[in-house]
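Here are some exercises to work through with the structure open beside you. Try each task before you read its solution.

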Amino acid sequence: MATAREALPGIAEEALATREPLTPTQLAWRRFRRHKMAMFGLFLLAALIVYVVGGAFVFPEKFANYVDTGIKLQAPSQAHPFGTDAVGRDILARTMYGGQISLLIGLAAVSVALVVGVAIGALSGYYGGWIDGVLMRFTEAMLNIPQLFLLIVAAKYLGDKIHNFRAFGREFSGSVIVIIVIIGFDSWMYLARIVRSQFLSLKEQEFITAARCTGTSNLAIMFYHILPNSVAPIIVNATLGVASAILTEAYISFLGLGVHQPTATWGNMLEDANRYLETAPWLWFFPGLMILLTVLAINFVGDGLRDALDPRTMVE
Amino acid sequence: MPTILEVKNLQTRFRTYDGLVYAVNGISYELNEGETLGVVGESGCGKSVSMLSIMGLIPQPPGIIAGGQALYRDSDLLKKSEEELRHIRGKEIAMVFQDPMTSLNPVLTIGFQIGETLQLHMAMNADQARQRTVELLEMVGISQPDRALDNYPHQFSGGMRQRAMIAMAIACMPQILIADEPTTALDVTIQAQIVELVKRLRDEIGMAIIWITHDLGIIAGLAQRVIVMYAGFIVEHASVDEVYDNPRHPYTISLLGALPRVDMSREERLVSIPGMPPNLIGLPKGCPFAPRCRFVVDRCRQENPPLISIAPNHEIACWVNVQTGDLQ
């Protein structure tokens, strides 16, 4: 070693330095960091999370839901930087608390979709045969139902079935759960197809035969051996799914079928703004801006993840 | 020595769009405890499929185990349920595959992949499995095993990966190790190391080995008996010395003629076998080797010769006595 170092001082120094090879996660992070828009998205997302979570320490929820018709429809001012809504609630505080619910719905709905989609895709792709046939026909049937129509019917039918509950020290409207479940159960289909196609090709790999050869059970093969090989497309799809779930919540709430007042979400704040589109634009501008920024940030992050997790992407 | 595995009349077929593929056509052999059996033949002659059939790793469909028995300790592996087989695979019968580049899961650490087998079959907890994995990696000659444990397969060279595969296979001290061309994908110096490693482990653990290869040279120093397969049939079965000194099936003779030897003079040429192995869709009439055989007689094209004993510990499937030219 010493002689090589003396002979080739510059080159040898680097070549001989014992460098641990990077793990796949480190490699992905390295690629992600080089993706400017993705890093921007990540910072934006972090800022939004600080905004909605931090808001809880500045204003109590009571304040966000405090009705004072005496100050209704006030334009942005020092006392109410984002203005007040049709019943005099502070829009700044409501975008903070509404954001918590909107993000919660986005994440939770995607979690539901992930569980359903991965389970159906995995079973379908791994076992094939009639199991695949039945599950895929079911998936296609679900895809054939117009999403908005299904959401409206489900929201209307299930709307008031669940009571309000308390969690994380605040009261939630039962309709939050309903919205999470119906969005989740309505958005797993593409995920299931992606997972299935991954499983179809991965199960033929020699390392799966090798795993079966050591007596590993089917479930262990599916979840320990095949699933980690297909995380990349799943993560990308799930990330983008969060954005679309937030949008979907906004649609349903805008139609008045979403989360009930007084619990704020960005979506039902837009519904409130419906009648004052021209007279009080601050009513829709701020929640609209929040949705826009969140969806944009998540999509940037999703794009970055797609590139970062694709092993064929070169690190320049 | 007591017999540990007895395969009788094993037949494996595959249903394809072109027709039924007769991959393994009634092969029978025995494996004794602690013995090494070489299985030799060209690519596509049913060596691997016959082993995968025994392990219950043939996907069905399209595969069909059309008949036969595989008696491991007097119980038929072919009749066992998937659940019963799981407790045998990896624990009692383990397998090493041809290509170490593709037989390790790229997203799991080496330690996880070896430790999983231990936790599964040896009722070890994670810590014990980790401890044992370090010992196993040391046994197969991987340096700094406590660090190698947390490496991913892409951080290993081909030889190291095959060592890791072997560590995984011997983790539960199996009775039988099936090595499916474990050195084919490695370069020659590594091949020799792997063969030496397996020999050493065989003596330490006392396991029986079935070593599949198309390289007769590797078998010479390793196996006690050799099976030569062609088109899904066993065509010659003899002790390793008999196969080298007194090969009696034309196919074996041709295989040996195609093998480079150190004691060959420069003027001698390697002899290749003319033609290709037969397409196994539909069984050919007569001996499957007849179209490529130097000694072919009319009868070969009419009837497939059965495997008959011509000397103690020497069986061949051929109508012609290649030494005298007489019909048998």
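Two strands count as paired if DSSP finds at least two bridges between them. Keep in mind that this is a predicted model.

**Exercise 1. Find the bridge partner of Ala94(B) in S7(B), and work out which way the residues of S6(B) point.**

Step 1. Start with the pairing: S6(B) and S7(B) run parallel and are joined by 4 bridges.

Step 2. Now look across from Ala94(B): its bridge partner in S7(B) is Leu177(B).

Step 3. Next come the side chains. In a regular strand they alternate between the two faces of the sheet.

Step 4. Check that on S6(B): Ile93(B) and Met95(B) point one way, while Ala94(B) and Val96(B) point the other way, and all are buried.

**Exercise 2. Trace the open sheet of 8 strands in chain B and name its edge strands.**

Step 1. Walk across the sheet in the order S6-S7-S8-S3-S9-S10-S12-S11 of chain B; the pairing is mixed.

Step 2. The edges are S6 and strand S11 (308–311) of chain B, each of which pairs on one side only.

Step 3. Ignoring direction, neighbouring strands here are turned by 20° against each other on average.

Step 4. Zoom in on one pair: strand S3 (residues 36–40) and strand S9 (residues 225–230) of chain B run parallel, with 4 bridges between them. Leu37(B) sits opposite Arg225(B) of S9(B).

Step 5. Add a helix. Helix H1 (residues 47–55) of chain B packs on this sheet and touches S3, S6, S7, strand S8 (208–213) and S9 of chain B, its direction making about 145° with that of S8(B).

Step 6. Add another: helix H10 (residues 250–257) of chain B lies across S3, S9 and strand S10 (233–239) of chain B, at about 105° to S9(B).

**Exercise 3. Trace the open sheet of 4 strands in chain B, and say which strands H1(B) lies across.**

Step 1. The order is S2-S1-S4-S5 in chain B, and the pairing is antiparallel.

Step 2. Strand S2 (19–32) and strand S5 (75–76) of chain B are the edges, since each pairs on one side only.

Step 3. Strand S4 (residues 63–72) of chain B pairs with S5(B) over 2 bridges, in the antiparallel sense. Tyr72(B) has Ser75(B) as its bridge partner in S5(B).

Step 4. Then bring back H1(B): this helix lies across strand S1 (3–16), S2 and S4 of chain B, running at about 110° to S1(B).

**Exercise 4. Check the length of helix H6 (residues 158–170) of chain B, and explain why it is largely enclosed.**

Step 1. Take 1.5 Å a residue: the 13 residues should span 18 Å. The end C-alpha atoms of H6(B) are 18 Å apart, so the two agree.

Step 2. A residue is buried if 20 or more other C-beta atoms lie within 10 Å of its own.

Step 3. By that test 12 of the 13 residues of H6(B) are buried, so the helix is largely enclosed by the rest of the structure. Among them are Gly159(B), Arg161(B), Met165(B) and Ile170(B).

Step 4. What covers them? The cover includes strand S6 (93–96), helix H3 (110–121), helix H4 (126–139), strand S7 (176–180) and helix H7 (188–205) of chain B.

**Exercise 5. Switch to chain A and describe how H13(A) and H15(A) pack, then do likewise for H6(A) and H14(A).**

Step 1. Two packed helices are described by the angle between their axes and the distance between the axes.

Step 2. The axes of helix H13 (residues 231–254) and helix H15 (residues 282–309) of chain A come within 8 Å and cross at roughly 170°. That makes H13(A) roughly antiparallel to H15(A).

Step 3. Contact residues include Ile235(A) and Leu240(A) of H13(A), with Val295(A) and Leu305(A) of H15(A). By class, this contact has 15 nonpolar, 4 polar and 1 charged residues.

Step 4. For helix H6 (residues 91–127) and helix H14 (residues 266–273) of chain A, the angle is about 130° and the axes are 7 Å apart. That makes H6(A) oblique to H14(A).

Step 5. Here the contact includes Gly98(A) and Ser102(A) of H6(A) and Trp266(A) of H14(A). Its residues divide into 2 nonpolar, 5 polar and 1 charged.

Note on methods:
Residues are numbered from 1 along each chain as its sequence is written. Chains are lettered from A and ligands numbered from 1 in the order in which they are written. This is a predicted model: local features need pLDDT of at least 70, side-chain atom pairs count only at pLDDT 80 or more; totals for chains, interfaces and linings use all residues. The expected span of a helix is 1.5 Å times one less than its number of residues. Two residues are in contact if their C-beta atoms, placed from the backbone, lie within 7 Å. Axes are lines fitted to C-alpha atoms, for helices over the stretch in contact, and angles run from 0 to 180 degrees between N-to-C directions. Angles under 35 degrees count as roughly parallel, over 145 as roughly antiparallel, 65 to 115 as roughly perpendicular and the rest as oblique. Ala, Val, Leu, Ile, Met, Phe, Trp, Tyr, Cys and Pro count as nonpolar, Asp, Glu, Lys and Arg as charged, and the others, Gly among them, as polar.
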